[in-house]
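This report goes through a single protein chain, beginning with one helix and its surroundings and then turning to individual residues and the overall fold. Please keep the sequence and the model in view while reading.

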Amino acid sequence: MPSPNDAANGGGAQVKSAVRTVELLEYFAGNTGMHSLAEVQEQTGYPKSSLYMLLRTLVELGWVETDATGTRYGIGVRALLVGSSYIDGDEAVAAARPTLDRIADDTGETIHLARLDGTSVVYLATRQSQHSLRPFTRIGRRLPAYCTSHGKALLATHTDEQIRRLLPEKLEPLTEHSHTDREQLIEELHRIRELGYAVDREENTLGVRCFGVAIPYRHPARDAISVSVPVARLTPGREQMIRDALMDARDRLTLATRHI
């Protein structure tokens, strides 16, 4: 009969294997394309023999795919199925769809619904601009919250101390306009709380300005919407129209999500 210690050790081994599996899938999700065993081993630090066996198991189950040579690995189709299931079953995404359609029609610009996940925002839904010159963002994309309008709108629903616990003092920029100092970001979050909306001034994509508002069905908020506009198409009058449309969308979404 196995002892309690054996059971504990076995349970620990199972948890370790599960953690490695999740970390592998997150590695592939965050690093598109195909990767050699040596490359994955270097990035993860896992023993090569156990890494190889884990990869082969994930390939057989459809979570990881290989190239024609069978020596390079990438994310598999089952990850897409699970991701789609998450979005399809999410009440907030379903409640937001009519409002996303309306603001897309009203502004003619690219619309995003995103969720705060740790220090990042993840895109849950998008409506593409009607114009030929437009930004493109795929569902599932992850960006630092402090570099996006909806991310900053969401961070503004947290206290200063929460932000200091969440973010490091020095922030990694995506463009020359990105915040690099946490305290300067906190100062901007004060202004965002007063205004009720946030602006991304080419902080994650050069040539694109974004406006975002948080949806207050939770506090701190976890979801927000944004409108992205190429700077070349943005006039003061158009900027005001977009802000007004966002405020109207926020009010609609507040009602639509009140049951969640």
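The buried residues of helix H9 are covered by elements that include helix H5 (91–107), helix H8 (182–195), strand E8 (208–215) and strand E9 (223–230), where a contact means heavy atoms within 4.5 Å. Those buried residues are Arg238, Glu239, Ile242, Arg243, Ala245, Leu246, Met247, Ala249 and Leu253; buried means under 20% relative accessible area, exposed over 50%, and partly exposed in between, with a 1.4 Å probe and protein chains only. An α-helix has 3.6 residues a turn, so residues three or four places apart point the same way. H9 itself (residues 236–256) has 21 residues and reaches 30 Å from its first C-alpha to its last, close to the 30 Å expected at 1.5 Å a residue, the expected span being 1.5 Å times one less than the number of residues.

The model is predicted, and local features need pLDDT of at least 70, side-chain atom pairs count only at pLDDT 80 or more, while totals for chains, interfaces and linings use all residues. Residues are numbered from 1 along each chain as its sequence is written, and side-chain values use heavy atoms, with hydrogens and water left out.

Two loop residues can be set side by side.

| Residue | Loop | Relative accessibility |
|---|---|---|
| Asparagine 204 | between strand E7 (198–201) and E8 | 14%, buried |
| Threonine 235 | between E9 and H9 | 42%, partly exposed |

The side chain of asparagine 204 makes a polar contact of 2.8 Å with the side chain of aspartate 200, and it also reaches the backbone oxygen of cysteine 147 at 3.3 Å. A polar contact is a pair of N or O atoms within 3.5 Å; within protein, one must be able to donate a hydrogen and the other to accept it, and residues adjacent in sequence count only if both atoms are side-chain atoms. Leaving aside residues up to four places away in sequence, asparagine 204 touches Arg141, Leu143, Cys147, Thr148, Leu174 and Thr175. Threonine 235, for its part, lies 52 Å from leucine 55, C-alpha to C-alpha, with their positions 180 residues apart in sequence.

For the protein as a whole, there are nine helices and nine strands, assigned as DSSP runs numbered from the N terminus (helices H or I, at least four residues; strands E, at least two). Of its 260 residues, 45% count as buried, and the C-alpha atoms fill a box of roughly 70 × 45 × 40 Å along the principal axes. Among contacts with a separation of 6 or more, 56% come from residues 24 or more positions apart.
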